Amino acid sequence: MIERSCLAIILAAGEGTRMKSSISKVLHPVGGLPMVAHAVRAATAAGVGSVALVVGRGAEEVEAAVRPFASHVSLHLQADRLGTAHAVLAAREEIAKGYDDLIVMFGDTPLIDAGALAKARAKLAGGADIVVMGFRPADPAGYGRLVEHDNKLFAIIEDKEADADQKKIGYCNGGLMAISGKHALSLLESVGNKNSKGEYYLTDIVAIGHHRGLHVVSLEVDAASVLGVNTRVELAEAELLFQNRIRKEMMLAGVTMTAPDTVFFSWDTSIGAETRIEPNVFFGPGVTIEGGVAIHPFCHIEGARVASGSEIGPFARLRPGADMRANSKAGNFVEIKNAVIGEGAKVNHLTYIGDADVGAKANIGAGTITCNYDGFNKHLTQIGAGAFIGSNTALVAPVSVGANAIIAAGSVITKNVPDNAVAFGRARQEIHEGRAIVLHAQNKAIKEAKKAK
């Protein structure tokens with residue numbers, strides 16, 4: 001890590017009107033995390049110590065989204081929308097503190113690579129005064145062109161102002177910049193509003209720096225790193241690029257996916273090697289899967305931890321707080337929430353386990369439910385090691401079932417069951433021979449009477 005102080009100025013004042021949204025554009029998620037938080041995470045990973053957020057609508061919500069990912073965050077309001085240089089100068093007070101490096105980023109570029117930011121900072125440490133991140137799109141039309149000679153950047157020409165030769169340049173402005181802290185304020189304050197909209201463009205500091213004899217260079221980055229999101233179409237494109245990036249990383253790290261295009265990850269999903277993921281699986285935020293786990297098709301997992309050797313699904317849902325211990329199982333049409341499933345325990349099918357502690361090697365029969373909610377409060381169900389819960393059992397919490405106890409199928413358990421006990425909690429069966437003939441006749445008569453009306 002470069003031992004230089006660094007401030008990231010993240011422009012996050014997008015109103016989201018093109019998103020047709022009631023919230024700030026930068027709060028829309030990619031991989032389950034707001035776009036602006038992705039930018040801050042990348043900046044922090046590149047050694048940035050302080051973040052200056054330039055915000056408009058939804059300032060408090062934007063700040064709350066990034067606070068967990070930065071040690072120091074300052075908020076700066078851009079009251080008037082007068083261009084990128086004007087937006088950066090909204091953080092004038094923070095810039096004036098004298099950081100070694102200044103990075104200008106955007107809250108709507110969620111795929112920015114921390115490695116690219118670190119390389120830009122390394123160029124500053126090596127003597128550059130301005131570093132512009134550039135990329136080579138398949139079609140450069142609409143992008144500002146980077147005009148270079150002898151590895152020096154002379155200007156950024158906007159597409160509408162470029163001549164025929166300049167339009168042939170395929171190297172384009174990605175928008176992100178790294179600026180030497182000792183020159184930053186002077187350069188920004190020298191930007192004039194000469195463009196047709198009367199706005200102050202950050203790109204003008206390239207020509208200003210060149211005329212001052214400063215060392216201005218570019219850094220080529222992957223196009224995805226500087227992808228900006230302005231519409232929900234572009235948001236979906238960013239999501240796809242994010243998912244493909246994570247899928248590749250997972251597979252290279254030893255995770256098997258039989259149909260990777262159907263598996264969706266969140267920004268913080270952690271999966272160990274030798275895990276096998278079958279088609280149509282969704283991971284929400286807060287999931288940790290250890291190695292050697294089998295996840296069958298059509299599972300939804302969020303806020304859960306699954307230990308090695310476990311088996312999940314098909315059609316299983318693990319909700320926040322689900323803690324599957326080693327070699328445990330949650331089978332088809334099983335839902336688990338805020339519950340520990342002990343080592344080797346099995347919840348095979350058609351079952352809801354919520355607010356519970358299930359002991360090692362316990363067996364939970366089909367149709368079992370923990371009745372954990374009384375309309376106001378949640379209550380705990382405790383099931384001991386080796387216990388056997390028969391099919392179609394309702395465990396009315398708070399209640400405990402002892403180790404190695406057996407619950408008869410069809411029981412409603414409202415009292416604690418001791419270790420090694422057998423519990424029946426169902427009505428006594430009665431048989432009335434021949435009664436079915438009478439009932440069938442009565443029901444048939446009722447049906448025929450209705451038809452006759």
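This is a short talk on the aromatic rings in this structure and on one buried asparagine.

Okay, so keep in mind that we're looking at a predicted model. Let's start with the rings. Searching the whole structure turns up 5 aromatic pairs. One of them is Phe135 with Tyr143, and that one is edge-to-face, with the centres 5.1 Å apart and 90° between the planes. Phe135 counts as buried because its relative accessible area is 5%, under the 20% cut-off. Tyr143 comes out at 35%, so we call Tyr143 partly exposed.

Then there's Phe265 with Phe283, a stacked pair at 5.3 Å centre to centre and 0° between the planes. Phe265 sits in the loop between β13 and β14, while Phe283 is in strand β16, so this pair ties together parts that are 18 residues apart in sequence. Both Phe265 and Phe283 are buried.

Now, over to the surface. Phe298, Phe315 and Phe333 are linked into a cluster by ring pairs. Add Leu350 to those three and you get a nonpolar surface patch, with about 420 Å² of accessible area together. Phe333 is part of strand β24, and at 48% relative accessibility Phe333 is partly exposed.

We also have charges over rings. Arg247 lies over the face of Phe264, 4.9 Å from the ring centre, and Lys378 does so over Tyr373, at 5.4 Å.

That brings me to the asparagine. Where is Asn372? In the loop between β27 and β28. Asn372 is buried, at 7% relative accessibility. Leaving out residues up to four places away in sequence, its contacts include Lys337, Tyr352, Asp355 and that Lys378 again.

Notes: Residues are numbered from 1 along each chain as its sequence is written. This is a predicted model: local features need pLDDT of at least 70, side-chain atom pairs count only at pLDDT 80 or more; totals for chains, interfaces and linings use all residues. Side-chain values use heavy atoms; hydrogens and water are left out. Patches are made of residues with over 30% relative accessible area and no salt bridge: like charges are joined within 9 Å, nonpolar side chains (Val, Leu, Ile, Met, Phe, Trp, Tyr) within 5 Å. Accessible areas come from the Shrake-Rupley method with a 1.4 Å probe; for residues, only the protein chains shown count as cover. A salt bridge is a side-chain nitrogen of Lys or Arg within 4 Å of a carboxyl oxygen of Asp or Glu. Helices (H or I, at least four residues) and strands (E, at least two) are DSSP runs, numbered from the N terminus. Buried means under 20% relative accessible area, exposed over 50%, partly exposed in between (1.4 Å probe, protein chains only). Contact means heavy atoms within 4.5 Å. Rings of Phe, Tyr and Trp (its six-membered ring) pair if their centres lie within 6.5 Å; planes under 30 degrees apart count as stacked, over 60 as edge-to-face and the rest as tilted. A charge sits over a ring if NZ of Lys or CZ of Arg is within 6 Å of the ring centre and within 35 degrees of the ring normal.
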